[in-house]
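Biologist: I'm new to this one, could you walk me through it while I look?
Modeller: Gladly, let's bring it up and begin.

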Amino acid sequence: MARKRLTREESRQETRARLLESAAELFAERGVNGASVEQIAERAGYSRGAFYGNFADKHELVVELLRQRTLRELDEVTAIAREPEPFAALREWHKERAEHLVGWLSLRAELLLYALRTPSFRPQMAERERIARDAHAGSIEATFASLGVEPPADPAFLALIVHALEDGLLVQRLLSPDEVSDEVVVDAVELLMRSWSAAGAAKGDT
């Protein structure tokens with residue numbers, strides 16, 4: 001069967017998607033500053049002109065890559081929070097992520113380094129982190145509400161703890177796979193939630 005002919009807009013979106021995927025791979029391998037526009041375009045199967053037909057420069061591509069990755073992860077986390085058994089769904093999500101952990105963490109690290117070295121990119125990176133923390137805070141609030149327990153502290157603060165813990169544990173998982181399981185993040189979050197729930201219940205009894 002012949003492939004459906006794409007409209008101009010569909011073709012443009014496909015080109016952008018392939019350029020963004022190519023950039024993500026190269027950034028994870030070589031860093032943002034180590035990947036040139038020409039290399040990004042070549043890996044995607046396009047010319048340098050195709051790159052500049054879609055992005056003003058590499059910085060604009062980095063901003064768009066971060067935006068798309070943030071929205072994708074937000075959709076996934078939101079879907080997990082709606083599951084009848086969110087911790088079970090979270091375990092499955094982390095198992096799937098474990099298959100691509102090196103690439104995912106490498107890209108995240110390189111984007112953080114780019115933010116440190118490029119002050120104009122820091123607000124976008126900070127916004128990405130805020131969105132992630134807000135998603136955690138929403139899940140934490142929903143969990144406490146389902147238990148009928150007041151959280152022991154501001155959910156935003158608890159979310160900050162979970163977010164930072166997740167980053168650190170994933171690095172440990174990557175470096176010591178024989179000692180740290182794929183489920184370490186979920187195990188740690190469950191332990192925290194049990195402790196916080198007990199603290200919240202005790203606070204409510206006083």
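Biologist: How far apart in helix 1 are Glu 14 and Arg 18, in helical turns?
Modeller: In this model, which is predicted, Glu 14 and Arg 18 sit 4 residues apart in helix 1, so about one helical turn separates them. The two form a salt bridge, with their closest N and O atoms 4.0 Å apart.

Biologist: Why would that spacing suit a pair?
Modeller: An α-helix has 3.6 residues a turn, so residues three or four places apart point the same way.

Biologist: Is Glu 14 buried, exposed or partly exposed?
Modeller: Glu 14 is partly exposed because its relative accessible area is 27%, a value between the 20% and 50% cut-offs. Arg 18 is also partly exposed, with 38%.

Biologist: Which salt bridge does Glu 9 make?
Modeller: Glu 9 meets Arg 12 in a salt bridge, at 3.6 Å from N to O, and both residues lie in helix 1, 3 residues apart.

Biologist: And what about Lys 95, which residue does its side chain meet?
Modeller: The side chain of Lys 95 meets that of Glu 92 in a salt bridge of 3.7 Å, N to O, and as the two are 3 residues apart in helix 5, about one helical turn lies between them. Lys 95 counts as partly exposed at 35% relative accessibility, and Glu 92 counts as partly exposed at 43%. Elsewhere, salt bridges that share partners join Glu 73, Arg 97, Arg 108, Arg 128, Glu 129, Glu 166 and Asp 167 into one network.

Biologist: How many salt bridges does the count come to?
Modeller: The count comes to 21 salt bridges.

Biologist: Switching topic, how many cavities of 30 Å³ or more does a search find?
Modeller: A search of the whole structure finds 2, and the largest has a volume of about 160 Å³. Its lining has 16 residues, and those nearest the centre are Glu 73, Val 77, Arg 128, Ala 132 and His 136.

Biologist: Which helix gives the largest share of that lining?
Modeller: Helix 7 does, with 5 residues. By class, the lining of the largest cavity has 7 nonpolar, 3 polar and 6 charged residues.

Biologist: What about the second largest cavity, how much space lies in it?
Modeller: About 40 Å³, and its lining residues include His 94, Arg 97 and Leu 101.

Biologist: Which residues of helix 6 are buried?
Modeller: They are Leu 101, Trp 104, Leu 105, Leu 107, Arg 108, Leu 111, Tyr 114 and Ala 115, and these buried residues pack against helix 1, helix 4, helix 5, helix 7 and helix 8.

Technical notes. Residues are numbered from 1 along each chain as its sequence is written. This is a predicted model: local features need pLDDT of at least 70, side-chain atom pairs count only at pLDDT 80 or more; totals for chains, interfaces and linings use all residues. Side-chain values use heavy atoms; hydrogens and water are left out. Buried means under 20% relative accessible area, exposed over 50%, partly exposed in between (1.4 Å probe, protein chains only). Contact means heavy atoms within 4.5 Å. On a 1 Å grid over the protein atoms alone, a cavity is a set of points where a 1.4 Å probe fits but cannot get out, and a pocket is an open set with protein on both sides within 12 Å along at least five of seven lines; lining residues have an atom within 4 Å of a point. Grid points are joined across faces, edges and corners, and a volume is the space filled by probe spheres set on the points. Ala, Val, Leu, Ile, Met, Phe, Trp, Tyr, Cys and Pro count as nonpolar, Asp, Glu, Lys and Arg as charged, and the others, Gly among them, as polar.
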